[in-house]
Amino acid sequence: MMRSLSVKYSPLLTRVRSRGRALSTQPTSSSLGCLPTTDSPVVSKLAFFNSVTGDGSKIPSYRVLDGSGIPIEGAEVPEACISEQFARRLYENMQLLPTLDNILYNVQRQGKISFYYGEEAAVIGSAAALADDDEVLAQYREVGVLLWRGFTLDRVMAQCFGNHEDSGKGRQMPVHFGSKQHHFHQISSPLATQIPQAAGVGYALKRDPERRSKNVACVFFGEGAASEGDFHAGMLLASTLPSPTLFLARNNGFAISTPSSQQYYGDSLSARGPGYGVDTVRVDGNDVLAVMSAVKEGRRRCLEGGRGVLVEIMTYRVGHHSTSDDSFAYRGRQEVENRKKIDNPITRFRLFMESRGWWNGTEEEELKSRLKQDVLAAFKRAETLKKPNLTELFSDVYSEEPWNIREQREELAGLLQKYGQVWEPWRNELKIFEDEGKKLSD
Amino acid sequence: MLVRRLRSTLLTLSRRWQTTASNTAIESPSASGHSSSVASSQLFRITRESALRTPGISWQDEESDRNIVGGRETRKMNLYQAVRDALSIALAKDDSAVVFGEDIAFGGVFRCTMGLAEEFGRERVFNTPLTEQGIAGFGIGLASMGHTAIAEIQFADYIFPAFDQLVNEAAKFRYRSGGHFSIGGLTVRAPTMAVGHGGLYHSQSPEGFFMGASGLKVVIPRSPIQCKGLLLSAIRDPNPVIFMEPKILYRSAVEQVPIDDFALPLSRAEILIPGSDLTLLTWGTPVYHCEYALRLLNSPPPSLAPLIPPSLRSAKVELIDLRTILPWDIETVVESVRRTKRLVIVHEAGMTGGVGGEIAAEVGKRAFLRLEAPVRRITGWDVPAGLQFEKFNMPDAVRILDGIMETLSY
């Protein structure tokens, strides 16, 4: 074997041979040197490896609070960033998510909006660790980031109802949010497409003298989306170019009906990080303090190194995938009920706050009731608003209007003029738009 | 002739259906657009007799010498049940057949694979990780070994990561190897077209993107019987086939479907309603809007009557379902246009780069001197499928009616 190797990699190894050392007496890897132009030490024992941790154990998960909200042994509660006021802000935002979920799920069932996705408390901890102007590219369960940054319920409802207040002009399905003001990039349905884009966003930040060393690009995605080729592309670019991109992987155990045991075989997503040479950590996603600490540190490393960092946030999807799904078709009810009881991120944090004397039962009731009222009020208001002008069907395809789109717009205008008032389905449909279709030929 | 007999038979049975099986003026339906065309359609074969007489049916079982039509059974199925039935037959008869994709095992997000994993086992009916490029590549690999690979892409809108595999690999597989390697066993199924609330990414019709990928076949069924027969043909065809199922029809299209193994021919269009004054060519969901448009033309409701010249109302329009988009049945289409001298093509996909342009060019070349009007395309606009605007984006019965009248009076 040595001879054939020496033919291929002659310079170094023939030197070794010529010093007369026999193969069988090579005790340590360092004495064999490295492969040329690499730091890869040569060894004489054929040994396969299959573990990131070196001893075959699972990558550990970082946690601060236990199931009852008590800091676990050795844990450091991030005192510097947990004041009572901050804790309340965290808790309120976390509590808002299921309030929003419950109401919008029911609204969808009543046919008032077409679709809805449930959200995750893990996201609030992440949001709290980012700078408000870090660029966020999300998948679809991260409205928590927007809420943390001050996106109003009115705007949430506007997008879900696709009414004329929606900055997206009624074009996308519900929960496809976007807000330039909040540095939250527009969500699209295809999975993982945002991941390589985030690497590009990070690079732009790095290139911009105003924002370099101040901001990172932060991309959220699920463990299912991480199976897409785009995940590989994004990780490669952020690690290799490099670009300051923070990869926040929400591992909630399901991609619609597919459990994570059918999504990957390795030690989930954390094991992939070192494959790209990026700093990686796994964290208990139902512990908001742990998430916050981990993301904060991840962000710091990302900024300092200018390179990708991976944080895998472990949680459990207690809700259905979306309003189009009935998850009891593929998992037992008891499993879900158990998780809700024993590993509820909101409960854990509430117990922590109560242990500090920062929260009590009365405040809990008051908060829940107030949030419910706020959500209901926003929903009722949004429901009554008209949809955008019908002209928005044709605008924004390009920055200017080419001949084909102009002609098509004029064609529709002509058709509406001819049939719009006499054909009942059209007449009724036109009423929902602010301009009632009358501005098409402008 | 057959269709007229069908219609009169249906008249007596039509009380089961919501509306409009009469030949008196059509009342305008209560809103909700798309599915009302489907709900009021008379094109579905809802009796056993009519189902067994589906044109072009070719029985694939050993008893195909049993041509006593009365001997075969049918069962009421919607489109996703017809898909499931076809897959079940393919799996039962072909040991090498496997069905795979995202969320397949529990039954699929549209229920097309319900019970198949239980019946045929998880080695043959299984979930893949979330990767369309992987699904396509994996399917190609399986098929290259002579196995039957039936892949599912969850929505046609998500077929694009697989585009490289499909266009660069699948389409060119036979050609680049001098005919020594081939992947006929590959079929890729995907739900397609608008559904009423799909927005940009659950409504697309990407068949046009594949027109340039010679080596691939593209098939789009309009009904449960068509779906079962065409899918079985697609699975068994010695070329890779992309099979796009209009998702709005999964539940709303219902027929009596023969339960036996049967095939319907690929690359053969079907004349649904014979005519002489204009050829109306389409595929998938718009078949029903076209049908509705013809009823509006022939018996306009009072609201539309003033806009429909009496001279046009007796026009006999020939309605053709293209069925296979690539390679398409140029013979049937050109023969029809030579007779009628006018062609209107309808598809949901946008005008630019849509299949209609390709057909119009070929027909223009072959029937140029016969044509009495330019070939008219009625399509989705060249814009993404905005959610709130869908009803004015996808071509509906009134837009089609208007295009027909314009072409008739050119």
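Let's start inside a sheet of chain A: G222(A) has R250(A) as its bridge partner in β3(A). Keep in mind that this is a predicted model. Zooming out a little, strand β2 of chain A, residues 217-222, pairs with β3(A) in the parallel sense, over six bridges.

Those two strands belong to something wider. They sit in an open sheet of five strands, and in chain A the order reads β1-β2-β3-β7-β6, with parallel pairing. So what stands at the edges? That would be β1 (135-137) and β6 (279-284) of chain A. Each of them has a single partner strand, so one side of each is left without a neighbour in the sheet. As for twist, neighbouring strands here are turned by 20 degrees against each other on average, direction ignored. A helix joins the picture too: α9 of chain A, residues 288-305, packs on the sheet and touches β3, β6 and β7 (309-314) of that chain. The direction of α9 makes about 170 degrees with that of β6(A).

Follow β3 back to the loop before it and you meet a backbone oddity. The peptide bond from L241(A) to P242(A) is cis, and its omega is near -10 degrees. P242(A) lies in the loop between α8 (229-240) and β3 (245-251) of chain A. Chain B has a cis bond of its own, running from L326(B) to P327(B), with omega near -15 degrees. Look for P327(B) in the loop between β14 (324-326) and α13 (330-340) of chain B.

Now for some phi angles. A192(A) is not a glycine, yet its phi is positive, near 75 degrees. You'll find A192(A) in the loop that links α6 (153-161) and α7 (194-207) of chain A. Is A192(A) buried or exposed? With 0% relative accessibility, A192(A) counts as buried, because the cut-off for that label is under 20%. In chain B, M193(B) also has a positive phi, near 70 degrees. M193(B) sits in the loop between β6 (186-192) and β7 (217-219) of chain B, and at 1% relative accessibility M193(B) counts as buried.

Last stop, back in chain A: L35(A), in the loop between α2 (10-18) and α3 (84-109). At 33% relative accessibility, L35(A) counts as partly exposed. Which residues does L35(A) contact, leaving aside its neighbours within four places in sequence? The answer is S40(A) and V42(A). And if you want a sense of span, the C-alpha atoms of L35(A) and I346(A) are separated by 52 Å, with the two residues 311 apart along the chain.

Technical notes: Residues are numbered from 1 along each chain as its sequence is written. Chains are lettered from A and ligands numbered from 1 in the order in which they are written. This is a predicted model: local features need pLDDT of at least 70, side-chain atom pairs count only at pLDDT 80 or more; totals for chains, interfaces and linings use all residues. Side-chain values use heavy atoms; hydrogens and water are left out. Helices (H or I, at least four residues) and strands (E, at least two) are DSSP runs, numbered from the N terminus. Buried means under 20% relative accessible area, exposed over 50%, partly exposed in between (1.4 Å probe, protein chains only). Contact means heavy atoms within 4.5 Å. Two strands pair if DSSP finds at least two bridges between them. Axes are lines fitted to C-alpha atoms, for helices over the stretch in contact, and angles run from 0 to 180 degrees between N-to-C directions.
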